[in-house]
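Trainee: Before we discuss this protein, could we place the model in front of us and work through a few computed values together?

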Amino acid sequence: AWCEAHPNVLVYGEVYGWVQELRYGAAQGQVWFRAFDLRDGTTWVPHAEARVLGAALPWVPVLHEGPYDAAKIEALAEGPSTLHDKHVREGCVVKPLTERTDSHVGRVQLKIVGSGYLEKA
């Protein structure tokens with residue numbers, strides 16, 4: 001229904017549950033979705049605006065909002081998942097509150113994968 005009401009906005013997200021080894025407490029056949037970005041035409045919707053525009057969507061959890069702190073973010077990439085405490089956290093995504101691009105990486109949005117997750121893989 002949300003997508004029908006916003007036909008020019010693309011929703012980016014992740015399907016989880018009964019789709020991979022980490023089931024996040026899903027029973028057989030259960031699948032869930034969490035949004036992490038919106039794109040209006042060719043423009044990424046800034047984080048705060050996206051959360052308002054897509055308020056009816058299920059969103060990925062925000063672990064931290066504030067100035068970049070490498071040690072804090074590396075710590076946030078570890079530990080149990082915020083979606084289900086029986087699973088290790090895969091990591092965390094770091095992006096600026098104001099959309100920007102970099103000549104080397106493109107859109108500034110990077111994922112720090114937790115070492116606990118890498119050790120399980």
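Trainee: What does the accessible surface of the protein come to, and what share belongs to carbon and sulfur atoms?

Mentor: This is a predicted model, in which local features need pLDDT of at least 70 and side-chain atom pairs count only at pLDDT 80 or more, while totals for chains, interfaces and linings use all residues. Residues are numbered from 1 along each chain as its sequence is written, and side-chain values use heavy atoms, with hydrogens and water left out. With the Shrake-Rupley method and a 1.4 Å probe, the accessible surface comes to about 8,000 Å², and the share of carbon and sulfur atoms is 55%.

Trainee: How many of the residues, as a percentage, count as buried?

Mentor: A residue is buried when its relative accessible area is under 20% (1.4 Å probe, protein chains only). Of the 121 residues of the protein, the buried part is 25%.

Trainee: Which strands are the edge strands of the open sheet?

Mentor: Strands here are DSSP runs of E with at least two residues, numbered from the N terminus, and two of them pair if DSSP finds at least two bridges between them. The open sheet has 3 strands in the order β1-β2-β3, with antiparallel pairing, and 2 bridges join β2 to β3. Since each pairs on one side only, the edge strands are β1 and β3 (43-44).

Trainee: In β3, which residue is the bridge partner of Arg39?

Mentor: The strands β2 and β3 run antiparallel. Within β3, the residue bridged to Arg39 is Trp44.

Definitions and conventions. Helices (H or I, at least four residues) and strands (E, at least two) are DSSP runs, numbered from the N terminus. Buried means under 20% relative accessible area, exposed over 50%, partly exposed in between (1.4 Å probe, protein chains only).
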